[in-house]
Each structure stands twice: as C-alpha cells, then as structure tokens.
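User: I've got a model open here and I'd like to talk it through with you. Let's go one question at a time.

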Amino acid sequence: MQKSLVIAALLTASCAAQAVGNDADLVAIRAQIDDMKKNYEQRIAALEEKLVQAEARTAQAQPVVVETAPPQASAGANSFNPEVSLILQGKLRQMKDVPSRGITGFFPAGVEGANKRGFSADETELVLAANVDPYWRGQAIVAMADGQANIEEAWFQSLAIGHGIGLKAGRFRSGIGYLNEQHPHARDFADAPLMYQAMFGDSYSQDGVQLKWLAPTPLFVEFGGELGRGANFPGTDRNRNGAGGSALYVHVGDDLGFSNSWRVGLSWLKTRASDRTADFTDLGGATVQGAFTGDSTTWLADFVWKWAPNGNPKYQNLKFQSEYFSREEKGLLTVTDESAYRTRQSGWYAQGVYQFTPEWRAGLRYEQLDSGKRDFGANAAGLVVDSYRPKKASAMVDYSWSEFSRLRLQYAQDKSMAGITDNQWTLQYIMSLGAHGAHKF
Amino acid sequence: MRQLFTLIFLLVVAVLPAHADLRVFATVPEWGALVREIGGDKVQVYVATSALQDPHRIEARPSLLAQARQANLVVAAGAELEVGWLPLVLRDSGNAAIQPGQPGNFSAATYVSRLEVPSVLDRANGDVHAAGNPHIHLDPRNVLKVGEALTARLAELDPAQAAAYRNGFKTFSGKWQAAIVRWEKEAAPLRGVPVLVHHSSFVYLANWLGIKEVGTLEPKPGIEPTSNHLMALLSRQQTQPARMVLRTAYQQDGPSQWIAGKTGIPAVMLPYTVGGTPEAKDLFGLFDDTVQRLLKGLR
C-alpha cells in the first residue's frame, strides 16, 4: 500500500519533470522526490512500529481472554466431564492360613478378604467428582473387585450455604474418629487398625445426612452430626422408617508455631441392630449361630499431631496419631433361647510415621484391644465366653516415586487371635491415575 | 440446651462486628504482600504459607480451615499451584463467599500471560500444570497486572473503601514502575547469562531479565533430582556451560551445592517470595535482593 503510494508519487513527479524540461528544475524536483521518499519511509517505519506494538498488546491481552474461555472449554460436550481418578491397589501377602479369621473376644464384624494370601489386585477405586452447579458438589467412589462393584461413597455437598455450615447427603464415610474418613489408599499402613476392624469391619459409612458447623474462631472448632440408615456393622439393615444410626462429633485443632499442627476429636455413634448374626462356640466345641438385637453405643477419642521443619513437609515430616474407642452393646442374644446380652469393650492404637527423604517413609504401629466385660446372661451357661486382650505390632517402610505412586513393605506380628502368633508380610502398591486429589489433614 | 444456643448466638454476634475490615486469606506470601500494599490498614491479611514452605505441598491443616471460614476474599496464585490443598480448604470452610466463581475467589495467574503451557498433558512429564507455569510473580510487570485486577476486586467487595484501594494501588504502581526501571538497569549484566535451576520456579524472572535457563536439577517437575540426572547436567556443562545454579529458599540445597562443588559455579539461593531472606521483607525487598544475589553470583 505504502509502496504503491511512493510509486504513484514518483510517477506524478516524473510527469511534472517532463513538462518543465529544465535541468535546474530537474535537480529541484529530484530533491523534492528524495524528500518525499524519506518522508514516506519514516511514516512507513512509524506505522510498522505501531503494528508491532498492537500485536504485542493483543498477545499480552490474549491469556486473559483464554482464561475466561479456556481452550478445552470449546472442545465440546465432554468439557464438563467430572474430575476422574483411578486408584490401583494391589498386595502380595504372606501369613498363616486361618480360615475363620476374627478377633478373639469380639463380635465378628466380618473383615472382607481378611484371609486372602498371595498375590491380589485388591480393590480398584474409581473416583468421579465435580461441581454440580454453583450450589452443590458431587462425588462418587466405586470400589471394584472381582464380580462386584461397591458404591463406597456417593454424595453431594453444599457450596453456597455459608455461615460455616457444610451439608452432605448420600452415602458417605462418617466423620467420626480420625482414620474413618480416610480411604484405604490414603492410610499409612496396608491394613486398618484392629480397633477399626473390631468396631466396623474396616470403617463406618452410611446412607444419610451430615451437617457440620465450623465456628468463626481462629481456633479450629468443628461440630458435626449425622443421621442415617445405620445399615452397616455394628448396626444392621432394618425395614423401618426413620433413622437407624446417628453420630455426633467435635474436632478442635490448631498450629503450634510454623512446624507443628494438631487436631483432637471426640465422637459418639449410636446404631441399632436386629438379628445381627455371628458364629459362637458352644461348650462342646461346636459352632453355633447367635443373633443379637439391641443398641450399640460407641465413643471415640482421636489425636493427630504433625511436625515438619518450618511447616514444609516435602523433605521431612513426622505424623503421630492415636485413637481410643469404647463400645457398649445392650440387648438380647438368641442362640437356641433368647437371653440378655451386654458388653463393654475398648481398644486403642498409636502410630508414628516419619518421612526422612522426599521418597522414603517409615512407620511403627502398636495396638491393643480389651474384650472387657461380656455378660451373656443365660446363654453363658452354654457358650464359650472368651476374655482376651488382642495385640498387634506393625512396622512399615514405603517408597514414593512421586505424589502419585507408592510401594510399601509391612511386617506385622498379629496376636489378635488367642493362641496364634501370626507373622504377616505385606508388599503393597498404590498408584493414583488422573485428577490430582487433595487429602484431608 | 437453650442456654447453650444463647451462648453460641452471643458468641457469633460478639465475633461478627469486631472485624469490619475486609479479611483476606492469601495462599502465598507474595500476594499477601501485594494485598497489604494496596489495602494498607483497610484489610486484614492472613498468609497461609511461608517462604520456607513448598506451596505445592501444603496440608489442609485445621488452622487453614478456621482462617478460610472467616475470609471475605481468598487470593491464590492459581494455575493449579495449590491444587493439592486449597480446593479442600475452600469446600470444608463452610464459606460460600470464597468458592470458585464467586467474587471472593481471586486467582492471580488468570490476569497474566503464562509461560510453559503444556500442549500435551501427561504425568509421564512429571507434575505439570495444565494452565502453565504458576510461579508468575517473579516478573514484576506481572505483579502490576495482578495488582490492577486485585484493586478492582477489593473495590468490588468493599465499595466503601474503593477510593482507598485505588489510591493505594496508584501509590504502589508509581513506586513499582520506577523500581522496575531501576532493577532492569541494575540487572543488565544478567542478560543472556545461562543458569541451571532446581525446579522451574524462575521462568518468569528469566524471561523478564533475559537470563537463559539451560537445565533443571529436577529430571521432571516435582520429581526430586536423581544422581543420574545430575551427572548428565554435569557432562552438559562442558558443551553448554551454566554460570550459576539457582534454587528457592524452600528447596533443599544438597543438589545445587553438589553441582556447585563439581563445576565451581556458584549455587545461588534466591528468596523466591517475601520472607525468603531477611532482606526480602516486602515485594520491593524481594526484587532488590533477588537482583543483588544474581549479580553477586555473576562476579
């Protein structure tokens, strides 16, 4: 454009030059043309500079535009797909063959796969989560194993209530205790503590509603309450209206300087059981079935303390946790005849895990239960009533290539069954694919 | 029971009006410092992390939940820097105002052009961020852009003090622009200087000052340096020599000291953010000290 202007100017100028036909005029005209050329070149340069600046400005402005409409967002209908992650967990386990594994002195909660030895792909967890709309967020966790897919969790959570209130409904892991809300892949040992196995089989979840309130104080104070179906051990599924299980808890926590943080909690869980069956042994040594109907009240106290130099857990950190439970069950036990049944049992565990490099961690866990007071009423005349203190000590070391992969070796000396000392070795892997999940404190 | 409710009610009422100031929860020290520059005494700033903490690896501690619960505005770096903890803190805070998409949720990275935006998302490339490199604050021109957006956000949330925020930003912006000119002049000898870095924490700094990043000690983002990778960097030093090796205050010094010992180039610890060194007391101190430490490394 500019060039053609210059040429046009030159043409006009040369026409004028011919018309005049004078040498002196020619020199003057040439000088004029040179001036014009210079003038145009300067203007062209100025225009080009302006263009470059404008381009730079658009380049700078672009990301802001990109942010409001990210490239993926225009990709089509799948752009609203939820965050997906898949957790692969597998084990190689060596231990004694005990067909009906249980915990002596405790009503069996039925720990799934407790006697599985050798290689196993364990459970594969599929996690799907997304914001539903500005008001709700949803999450589902499906645990898949051979021939089954269990809905571990399927809930929605409030985002827009405010005032420190959190509402959750659906199937969820109860907020009682400390370890209960953690999924197996987030735990520091390959198996749940004996205390959780005795209390819930592994952990307690139910279908229902959870309401939490966080106090507006610099100190973390959280209250929670749950109402639910209460279908899982120690409750049973009952065909009735209303709630079968309820829980209340309070959590308090804070930091101590930059390097330490802690949380303590106290929880209460009440469930009802109706014909909760289990095997008992009669005085002749034969197995007989008993069914319990009644109330179960569990109290839990938990404490967690974490330390990291300057609060930077990446290179070194230490985590100590301990929980205690006490449970009272009151009701009727039917074997051949119905009679009163009342137990008060307790247990605790304490564990410490030290991460000494970004990749390596090592941990110790010690746990003990007390079969406590077991009053079988009239049934006591015909059944073996064990009194025992199950114990277990575990040591583990694990290696993480990144935040998403971990290999763990664990040794445990398990004395949870009277008369048996089981030396257990477990090699476990945990691999997380997909969305970067965040773990609770 | 009724007494308990009365007590709780009184507690809430007692707590609420005591904090008329805008309460800001900043995830990282640099943005906390910027809010202070703009908001002055009109804002109450809580900074969730320190310069000695890796902002990628923070736990959703109870104290963070308690602070987020009371915040009117969360100022985050964004670009997935805090993906491992902030979403959980926001959701469990019971605070509707600071949820993503609300005016009370501000992500700094949204307002600048980001570098290293990956074309392929695959964890085989390490802990990459889909939205690009999130360490945007080490280019002071970005600080200005974020500051402008932040001022608008503060004014939106607290209209009564809007003028104060605008004045605060105007004062800051004037001083900051003058400082940029000074830093650029001082840092002129750094142009074209090849460096090694521990993690790609200094991409924006390098881009601004024309420093040439020739390698990272981490084999992949988020994966700790391995001896094989360090050996490879060492042999590359013959053909593509770096002049210094940079790390942040929160990164381990071992790997960069090892490189320094083998090659004789200086290992330079940069404050990275406010509070990373005693000199980096505020944003100005952060850049003053960063430039000085780089120049010292060059000598």
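User: What percentage of the contacts in chain A with a separation of 6 or more comes from residues 24 or more positions apart?

Analyst: Keep in mind that this is a predicted model. Chain A is built from three helices and 17 strands. Take its contacts with a separation of 6 or more, and the part owed to residues 24 or more positions apart is 58%.

User: And how much of chain A is buried?

Analyst: Here a residue counts as buried if 20 or more other C-beta atoms lie within 10 Å of its own. Chain A has 441 residues, and the buried share of them is 31%.

User: Which helix of chain B gives the largest share of the side that touches chain A?

Analyst: The contact involves 42 residues of chain B and 44 residues of chain A. On the chain B side, helix H1 (2–15), helix H3 (62–70) and helix H4 (86–92) each supply at least two residues. That side divides into 17 nonpolar, 14 polar and 11 charged residues. The largest share is six residues, and it comes from H3(B).

User: Which helix supplies the largest share of the largest nonpolar core?

Analyst: That core has 91 residues, and those touching the most other members are B:Val24, B:Ala26, B:Val35, B:Val74, B:Val75 and B:Val245. Leaving out residues up to four places away in sequence, B:Val24 touches B:Val35, B:Val75 and B:Leu73, among others. The helix with the largest share, six residues, spans residues 203–209 of chain B: helix H7.

User: How many residues are in the other core, the one with A:Phe200?

Analyst: This one lies apart from the core of 91 residues. Its members include A:Ile103, A:Phe200, A:Leu300 and A:Tyr341. The count is 31 residues.

User: Which residue in E16(A) stands opposite A:Ala395?

Analyst: Strand E15 (residues 391–402) and strand E16 (residues 405–415) of chain A run antiparallel and are joined by 11 bridges. They form a hairpin with two residues between them. Opposite A:Ala395, you'll find A:Tyr411.

User: Going on to E16(A) and E17(A), which residue in the turn has a positive phi?

Analyst: E16(A) is also joined to strand E17 (residues 422–434) of chain A, by 10 bridges, and the two run antiparallel. One of the pairs has A:Leu409 with A:Leu427 in E17(A) as its bridge partner. This hairpin has six residues between its strands. The turn residue with a positive phi, about 85°, is A:Gly419.

Notes
Residues numbered from 1 in each chain as written. Chains lettered and ligands numbered in written order. Predicted model: local features only at pLDDT ≥ 70, side-chain atom pairs only at ≥ 80, totals over all residues. Contact = placed C-beta atoms within 7 Å. Helix = DSSP H or I, 4+ residues; strand = E, 2+ residues; numbered from the N terminus. Nonpolar A, V, L, I, M, F, W, Y, C, P; charged D, E, K, R; others polar. Buried ≥ 20, exposed ≤ 12 C-beta atoms within 10 Å, placed from the backbone. Core = buried A, V, L, I, M, F, W, Y, C linked by C-beta atoms within 7 Å. Pairing = 2+ DSSP bridges.
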